Amino acid sequence: MQSVKISLNSIDKVKSFVNDISKFDFDFDLVSGRYVIDAKSIMGIFSLDLSNNIDLNIHADGKELEEALASLKPYIVAD
(Lines give C-alpha, C1' and ligand atoms only; values in the text may rest on other atoms or scores of the structure.)
Protein backbone atom coordinates (compact mmCIF):
# COMPACT_ATOMS: atom_id res chain seq x y z
CA MET A 1 0.00 0.00 0.00
CA GLN A 2 1.10 3.54 -0.73
CA SER A 3 -0.35 6.86 0.40
CA VAL A 4 -0.31 10.11 -1.56
CA LYS A 5 -1.96 13.49 -1.03
CA ILE A 6 -4.44 14.54 -3.68
CA SER A 7 -6.56 17.60 -4.45
CA LEU A 8 -10.16 17.26 -5.65
CA ASN A 9 -11.24 20.90 -5.57
CA SER A 10 -13.87 20.89 -8.33
CA ILE A 11 -16.82 18.77 -9.43
CA ASP A 12 -15.17 18.02 -12.79
CA LYS A 13 -12.00 16.87 -11.02
CA VAL A 14 -14.01 14.50 -8.80
CA LYS A 15 -15.81 13.00 -11.81
CA SER A 16 -12.62 12.45 -13.81
CA PHE A 17 -10.83 11.06 -10.71
CA VAL A 18 -13.55 8.44 -10.14
CA ASN A 19 -13.51 7.52 -13.85
CA ASP A 20 -9.71 7.15 -13.79
CA ILE A 21 -9.50 4.93 -10.70
CA SER A 22 -12.52 2.81 -11.61
CA LYS A 23 -10.40 1.25 -14.37
CA PHE A 24 -8.30 -0.53 -11.73
CA ASP A 25 -9.34 -3.77 -10.00
CA PHE A 26 -7.74 -3.01 -6.63
CA ASP A 27 -8.96 -0.78 -3.78
CA PHE A 28 -8.42 2.92 -3.16
CA ASP A 29 -9.39 4.63 0.13
CA LEU A 30 -9.69 8.35 0.80
CA VAL A 31 -8.82 9.44 4.34
CA SER A 32 -9.96 12.81 5.64
CA GLY A 33 -9.62 13.23 9.39
CA ARG A 34 -11.36 10.27 10.98
CA TYR A 35 -13.34 9.40 7.84
CA VAL A 36 -12.25 6.64 5.46
CA ILE A 37 -14.31 6.16 2.31
CA ASP A 38 -14.09 4.09 -0.85
CA ALA A 39 -12.43 6.38 -3.42
CA LYS A 40 -14.54 4.83 -6.20
CA SER A 41 -17.72 6.19 -4.57
CA ILE A 42 -18.58 9.58 -6.03
CA MET A 43 -21.22 10.13 -3.34
CA GLY A 44 -18.70 9.29 -0.63
CA ILE A 45 -16.20 11.78 -2.04
CA PHE A 46 -18.79 14.57 -1.96
CA SER A 47 -19.34 13.86 1.74
CA LEU A 48 -15.75 14.96 2.46
CA ASP A 49 -14.32 18.47 2.90
CA LEU A 50 -12.86 18.97 -0.57
CA SER A 51 -11.34 22.37 0.23
CA ASN A 52 -8.34 20.58 1.80
CA ASN A 53 -5.95 17.99 0.39
CA ILE A 54 -7.01 14.39 1.04
CA ASP A 55 -4.89 11.29 1.70
CA LEU A 56 -5.35 8.54 -0.88
CA ASN A 57 -4.34 4.99 0.09
CA ILE A 58 -3.61 2.79 -2.91
CA HIS A 59 -3.85 -0.93 -2.12
CA ALA A 60 -1.46 -2.20 -4.79
CA ASP A 61 2.22 -2.71 -5.42
CA GLY A 62 4.70 -3.26 -8.23
CA LYS A 63 3.54 -2.61 -11.77
CA GLU A 64 -0.09 -2.03 -10.72
CA LEU A 65 1.00 0.71 -8.30
CA GLU A 66 3.17 2.38 -10.97
CA GLU A 67 0.25 2.41 -13.44
CA ALA A 68 -2.11 3.86 -10.82
CA LEU A 69 0.35 6.60 -9.83
CA ALA A 70 0.88 7.52 -13.49
CA SER A 71 -2.86 7.93 -14.06
CA LEU A 72 -3.24 9.93 -10.81
CA LYS A 73 -0.56 12.51 -11.63
CA PRO A 74 -3.08 15.34 -12.31
CA TYR A 75 -4.50 14.98 -8.79
CA ILE A 76 -1.36 14.42 -6.70
CA VAL A 77 -0.03 17.41 -4.76
CA ALA A 78 3.35 17.87 -3.07
CA ASP A 79 3.38 17.71 0.72
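**The nonpolar core and two buried residues**

In this predicted model, the largest nonpolar core holds 24 residues, of which Phe17, Phe28, Leu30, Leu56 and Ile58 touch the most other members. Two or more residues of this core come from each of strand S1 (2-6), helix H1 (11-21), strand S2 (28-32), strand S4 (54-58) and helix H3 (62-71). The greatest share is that of H1, which gives four residues.

The contacts of Phe17 were examined with residues up to four places away in sequence left out. On this basis, Phe17 touches Ile6, Leu8, Leu30, Ala39, Ile45, Leu56, Leu72 and Tyr75.

One of these partners, Ala39, is located in the loop between strand S3 (35-38) and helix H2 (42-46). Ala39 counts as buried because its relative accessibility is 0%, and the cut-off for buried is under 20%. When residues up to four places away in sequence are not counted, Ala39 touches Phe17, Val18, Ile21, Phe28, Asp29, Leu30, Ile45 and Leu56. Between Ala39 and Lys63 the separation is 24 residues in sequence, and their C-alpha atoms are 20 Å apart in space.

Asn57 is part of strand S4. With a relative accessible area of 13%, Asn57 is therefore also classed as buried. The side chain of Asn57 forms a polar contact with the side chain of Ser3, at 2.4 Å. Apart from neighbours within four places in sequence, the residues in contact with Asn57 are Met1, Gln2, Ser3, Asp27, Phe28, Asp29 and Val31. Phe28 and Asp29 thus appear among the contacts of Asn57 and among those of Ala39.

Notes. Residues numbered from 1 in each chain as written. Predicted model: local features only at pLDDT ≥ 70, side-chain atom pairs only at ≥ 80, totals over all residues. Heavy atoms only, no water. Core = buried A, V, L, I, M, F, W, Y, C linked by side-chain atoms within 4.5 Å. Buried < 20%, exposed > 50% of the residue type's maximum accessible area, 1.4 Å probe, protein only. Contact = heavy atoms within 4.5 Å. Polar contact = N/O pair within 3.5 Å; in protein donor to acceptor, adjacent residues only side chain to side chain.
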